[in-house]
Amino acid sequence: MKKGLFIVFEGGEGSGKSTMIDMIYNWLLEEGRDCIKTREPGGIEISEKIREVILDTKNTSMDGRTEALLYAAARRQHLVEKVIPALDLGKIVLCDRFLDSSLAYQGYARGLGIDEVYKINKFAIGDYMPNISILFDIEPELGLERINKNSNREVNRLDLEKLDFHYKVREGYEIVYNQNKDRMVKIDASLPIEQVFENVKSVINGLIN
């Protein structure tokens, strides 16, 4: 049986990755591809409950290590319950966030250390890594401006962070990207959505054709 493809969408708040994952999912279905879309934290019942705890705007006292461990726990359950079974069936799995989010947010922006957070997550995911991680890069001000204009988007605890935190997230992603160019592709997310869509399609076409 042909092994599936694990494609992850990464980026800071308001980078448009969630919108893009919907567009790519619909495109792949139109192309006759067997695919699913999912998200982190979440995707399955247990992980969605952990997501509620992590992103609850009331939980502002949450310690950085607690946050990192909760993400890793949600990631493990999501992986074994949803991602791995789909990959074993030969499906294309489109996932909104994965390991690199923890490295950028908790490892770098929270100051826990990229290597330390990687170790936590290595225990959680074992040898499962994305075939490719698409990083949607955008200036934090522009991303947050998009969020403020989108009344339908959930406001979560990370949206309440100061601008400096979001700059650190972007710096963290840049470090992770430079260390993992073999599996990461960076997309300019400030371009018009149609151009971003075409650029992402080009990347994915390189994997599936």
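**Exercise 1. Work out how strand S3 is covered, and which strands it pairs with in this predicted model.**

Step 1. Begin with the burial of the strand itself: S3 is mostly covered, since five of its five residues are buried.

Step 2. Next, sort these residues by face, bearing in mind that in a regular strand the side chains alternate between the two faces of the sheet. On one side of S3 stand Ile92, Leu94 and Asp96, on the other Val93 and Cys95, and all of them are buried, so that both faces are covered.

Step 3. Then look for the partners. S3 pairs with S1 in the parallel sense over five bridges, and Phe9 stands opposite Asp96 of S3. Five bridges also join S2 to S3, again running parallel, and here Arg39 stands opposite Asp96.

**Exercise 2. Place the strands in their sheet, and explain why one side of S2 and of S5 has no neighbour there.**

Step 1. The sheet is open and has five strands, in the order S2-S3-S1-S4-S5, with parallel pairing.

Step 2. Strand S2 (35–39) and S5 stand at the edges with a single partner strand each, and therefore one side of each is left without a neighbour in the sheet. From one strand to the next, the twist averages 20°.

Step 3. Within this order, S1 and S4 run parallel and are joined by five bridges, with Glu10 standing opposite Leu135 in S4.

Step 4. Finally, add a helix to the picture: helix H1 (residues 17–30) lies across S1, S2, strand S3 (92–96) and S4, and runs at about 165° to S3.

**Exercise 3. Determine whether helix H4 is enclosed or open, and name what its buried residues pack against.**

Step 1. Of the 11 residues of helix H4 (residues 99–109), 10 are buried, so the helix is largely enclosed by the rest of the structure. Among these buried residues are Leu99, Ser102, Leu103, Tyr105 and Gly107.

Step 2. The buried residues of H4 pack against strand S1 (5–11), H3, helix H5 (114–125), strand S4 (132–137), helix H7 (163–179) and strand S5 (184–188).

Step 3. As for its direction, H4 lies across S1, S4 and S5, running at about 25° to S1. After the helix comes Gly111, whose phi is positive, near 80°.

Step 4. To see one of the neighbouring helices in detail, take Ile114, which has its place in helix H5 and is buried, with a relative accessible area of 14%. Apart from its neighbours within four places in sequence, Ile114 is in contact with Leu103, Gly107, Tyr108, Ile175 and Val176.

**Exercise 4. Describe the ring pair of Phe6 and Phe98, and find the charge that sits over one of these rings.**

Step 1. The structure holds four aromatic pairs. In the pair of Phe6 and Phe98, the ring centres are 5.0 Å apart and the planes stand at 75°, so the pair is edge-to-face, given that planes over 60 degrees apart count in this way.

Step 2. This pair links distant parts of the chain, because Phe6 belongs to strand S1 and Phe98 to the loop between S3 and H4, 92 residues apart. Both Phe6 and Phe98 are buried.

Step 3. The charged end of Arg75 sits over the ring of Phe98, 5.5 Å from its centre. Arg75 is found in helix H3 (residues 64–88) and is buried, with a relative accessible area of 2%; leaving aside neighbours within four places in sequence, its contacts include Glu40, Phe98, Leu99 and Ser102.

**Exercise 5. Show which parts of the chain are tied together by the salt bridges of Arg110 and Arg170.**

Step 1. A search of the whole structure finds 19 salt bridges. In one of them, the side chains of Arg110 and Glu161 meet at 2.8 Å, N to O.

Step 2. Arg110 lies in the loop between H4 and H5, and Glu161 in the loop between helix H6 (140–149) and H7, so this pair ties together parts that are 51 residues apart in sequence.

Step 3. In another salt bridge, the side chains of Arg170 and Glu139 meet at 3.1 Å, N to O. Since Arg170 lies in helix H7 and Glu139 in the loop between S4 and H6, the parts tied together here are 31 residues apart in sequence.

Terms used. Residues numbered from 1 in each chain as written. Predicted model: local features only at pLDDT ≥ 70, side-chain atom pairs only at ≥ 80, totals over all residues. Heavy atoms only, no water. Helix = DSSP H or I, 4+ residues; strand = E, 2+ residues; numbered from the N terminus. Buried < 20%, exposed > 50% of the residue type's maximum accessible area, 1.4 Å probe, protein only. Contact = heavy atoms within 4.5 Å. Pairing = 2+ DSSP bridges. Axes fitted to C-alpha atoms, helices over the stretch in contact; angles between N-to-C directions. Phe/Tyr/Trp six-rings, centres within 6.5 Å; stacked < 30°, edge-to-face > 60°. Lys NZ or Arg CZ within 6 Å of the ring centre and 35° of its normal. Salt bridge = Lys/Arg side-chain N within 4 Å of Asp/Glu carboxyl O.
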